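Biologist: I have the sequence and the model open side by side, and I would like a close look at a single part of it. Could you pick one region, walk me through its packing, and then show me how it sits among a few other local details?

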Amino acid sequence: ALNIHGLVIAYLGDYTKGVAMLKRALEIRKSLNDLHGASGTLNNIGILYDTQGDYPTAISYYEQALAILEQIHDSTDIVSSLNNIGVVYIFKGEYERSLEYSFKAVRIMDALHDSVGSAETKSNIASIFFRQGKYQTALEYSFQALPLLEKNERRYAVVATLNVIGSIYKTMGNPEIALQYLQRAKPIAEALGDKQQIAAVLQNIAMTFNDLKKNKEAADTYETLIDLLVETNDRFGLAAAYNNLANIYQGQGEQKKALDFFSKSLELKRAIGDQRGEALTLLNIGVIYQQRNELAAAVVRTQEAMRLASKLGDKEIEMTALGNLSGMLSQQGKYKQALRYLEQYSQLKDTLLNKEMTTQIAEMQTKYETEKKEKEIQLLKKEKEIQNLELARQKILQNSFIGGILLLSILAFVLFNRYRLKKRSEAALRDKNTQLQEANRIIEIERDKSEQLLLNVLPPSIAQRLKDKEETIADRFSEATILFADIAGFTKLSASTPADELVKILNNIFTQFDALTEKYHLEKIKTIGDCYMAVGGIPLLNSRHCEETVAMAFEMIGVMEKFNRERHFDVRVRIGINTGEVVAGVIGRKKFIYDLWGDVVNTASRMESHGEPSRIHVTESVYNKLRDQYVFEDRGTIEVKGKGFMRTYFVVEKKL
């Protein structure tokens, strides 16, 4: 009675009284030597501390429960405790510890043949991989878990899994797909009446609306969300909501409001022990101080973030902090210190890039070698069959000859038989030779298909390096020109156009863009939704890369104008271009691509997003290279998200 009463009181909002009643229940269970009941009450106390954001205390109670369950060998409840501890470590940002407990739970459930329980834990594992930035792995675990959870009506876990899938697609730059999964989760969470799950889904929906630039929908959702988080005393969720609101205000240029909300978020993250979140928020505060030209404060906050990231072993955050510090100190005129941070940034970035790519290339090479060996084995089997047939033929011929000598009286019969057997053997041999030729032809066709597929996704020189078993493909180019093009008005068009027709339209446009990359010697890198990315000057060096990239951009605008005239549409292309030093290489485990990295790439993307439809928006570096060949319109100094203030230009036309 105390146990149930304590839980009810806590969920009604009085956690202090609820915990006190549970502790009284625990004392009674211990006095009765009721180990199983004591473990259950310890878990319940842990849940209440977990709900309040007191993670160290929650873990302490969960581990006490786990120790008792291991003592009495209760496998089912051991899994529950392992999952509880794993979830708390997620909130603390200690993802490797969380995975340790979660995988242990999966192994126990697999041994018990509990496929549904295993699916629930795999949903948690997907969440961890997502937080680590391993998006493909996170999706694999999510889609393994979701069908079983839906079939068995595990609605809490279904909501959590849909929420993770939506978050992954949002982070990967597919907000439309993300919103579909999140809106599937929302009514299920509301039907359950679980305020924490409703809040988690609402937060992701609000963020996705923001990505889709639906500001009113995002604001309304955040308003509902914050009220719910305050009501449930969810400090972790409230910290995230404050952080996201701050990002919205920062994007709108309202720096004071952004700083206020980031500060609220920082205070909560420190209180709940979310050290990774604290480091990220410190980075954001540093950027705002930098934008406000309060450089001393910016440096202090960013150095705090760097030290905290180093302590946590989070190299991505540490690398970002080093890059930001270099820029801040450079603005202060402290070039020696700025250079030191920039060198540390480059070393760390190269280390992360090499480590990731070495693993991915090794896996891809292993797969290539395995498939190659399978083909060779098939060919060897065919050859062995032919050899056996030839041996059989020779034996038959030998026996026929001996029989002819010994049985002269039936020579005619033997000769006839020999002739007939020879014909059959030769016919069989011809059939096997034909099969071998056909097998060789099929292998050659498959090899050509593989070759063509490789050349479709990689530049020829890079494809050859992969076939030559080069372990790491990562090259630094001192000069390249990057182009980003986004189809303005495509979202509106997609709302009124059937899906199959929409794909045909996009394919038609991008096919024409592909032809232009060949015409101007550019390399297509990838498409993301309705965004097209290409680069000039790599992997094959081309001294005219900048000029040819701009020339292609003008023809892309022409392609869209022709498309609008023929289809009576109003969709235009917005283009951004930048030139400078980049790193290029091959990434990916399954669907590998040739990709680019570097500040030049990020800036080119910003030129596109801050540009205007049917115009070519470029940086000062492009202007300096082409000002003698093209007419430019000086746009002046504008504030570029994540870059601060930059002087940019529109390319107007080629000089006569």
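Modeller: Happily; what follows is one connected tour, starting from a single helix and moving outwards.

Please keep in mind that this is a predicted model. As a backdrop, the chain contains 25 helices and 8 strands. Of its 656 residues, 45% count as buried. Among contacts with a separation of 6 or more, 61% are made by residues 24 or more positions apart.

The part I would zoom in on is helix 15, which covers residues 275–291. What does helix 15 meet in helix 16? On the helix 15 side, the residues in the contact are Gln275, Arg276, Glu278, Ala279, Leu282, Leu283, Ile285, Gly286, Tyr289 and Gln290. Facing them from helix 16 are Leu295, Ala297, Ala298, Arg301, Thr302, Glu304, Ala305, Leu308, Lys311 and Leu312. By type, the residues of this contact split into 11 nonpolar, 4 polar and 5 charged.

Now for the geometry of that pair. Helix 16 spans residues 295–312, and its axis comes within 8 Å of the axis of helix 15, with a crossing angle of roughly 160°. Angles over 145 degrees count as roughly antiparallel, and the two helices are therefore roughly antiparallel to each other. The crossing of helix 15 past helix 16 is left-handed.

Helix 15 also has a contact with helix 17, residues 315–331. Here the axes come within 11 Å and cross at roughly 20°. Angles under 35 degrees count as roughly parallel, so helix 15 and helix 17 are roughly parallel to each other. This crossing, too, is left-handed. From helix 15, the residues taking part are Arg276, Ala279, Leu280, Leu283, Gly286, Val287 and Gln290. Their partners in helix 17 are Ile317, Thr320, Ala321, Asn324, Gly327, Met328 and Gln331. The residues of this contact divide into 7 nonpolar, 6 polar and 1 charged.

One residue worth clicking on is Arg276, which lies in helix 15. Arg276 appears in the contact with helix 16 and also in the contact with helix 17. Is Arg276 buried or exposed? With a relative accessible area of 23%, Arg276 counts as partly exposed, because the range for that label begins where buried ends, at 20%. Leaving aside neighbours within four places in sequence, Arg276 is in contact with Tyr95, Arg131, Leu312, Asp314 and Ile317. Gly313 is 37 residues away from Arg276 in sequence, yet their C-alpha atoms are 9.9 Å apart in space.

For another pair separated along the chain, look at Ser263 in helix 14, residues 255–272. Ser263 and Ala239 are 24 residues apart along the chain, and 9.7 Å separates their C-alpha atoms. Ser263 is partly exposed, at 37% relative accessibility.

Next, some loops between helices. His113 is in the loop between helix 6 (95–111) and helix 7 (115–131). Its phi is positive, about 60°, although His113 is not a glycine. His113 is exposed, with a relative accessible area of 72%. Glu153 gives you a second example, in the loop between helix 8 (135–151) and helix 9 (155–171). Glu153 is not a glycine either, and its phi is positive at about 55°. With a relative accessible area of 65%, Glu153 is exposed.

A further backbone detail involves Pro539, in the loop between strand 3 (531–536) and helix 23 (545–567). The peptide bond joining Ile538 and Pro539 is cis, with omega about 0°.

Let me finish with Arg574, in strand 4, residues 572–587. Unlike the partly exposed Arg276, Arg574 is buried, with a relative accessible area of 15%. What does the side chain of Arg574 reach? It extends to the backbone oxygen of Glu608, at 3.1 Å. Not counting residues up to four places away in sequence, Arg574 touches Phe484, Ala485, Asp486 and Ala488, together with Glu608, Ser609, Gly611, Glu612, Pro613 and Arg615.

Methods:
Residues are numbered from 1 along each chain as its sequence is written. This is a predicted model: local features need pLDDT of at least 70, side-chain atom pairs count only at pLDDT 80 or more; totals for chains, interfaces and linings use all residues. Side-chain values use heavy atoms; hydrogens and water are left out. Helices (H or I, at least four residues) and strands (E, at least two) are DSSP runs, numbered from the N terminus. Buried means under 20% relative accessible area, exposed over 50%, partly exposed in between (1.4 Å probe, protein chains only). A polar contact is a pair of N or O atoms within 3.5 Å; within protein, one must be able to donate a hydrogen and the other to accept it, and residues adjacent in sequence count only if both atoms are side-chain atoms. Contact means heavy atoms within 4.5 Å. Axes are lines fitted to C-alpha atoms, for helices over the stretch in contact, and angles run from 0 to 180 degrees between N-to-C directions. Angles under 35 degrees count as roughly parallel, over 145 as roughly antiparallel, 65 to 115 as roughly perpendicular and the rest as oblique. A crossing is left-handed if the near helix is turned anticlockwise from the far one by less than a right angle, and right-handed if clockwise. Ala, Val, Leu, Ile, Met, Phe, Trp, Tyr, Cys and Pro count as nonpolar, Asp, Glu, Lys and Arg as charged, and the others, Gly among them, as polar.
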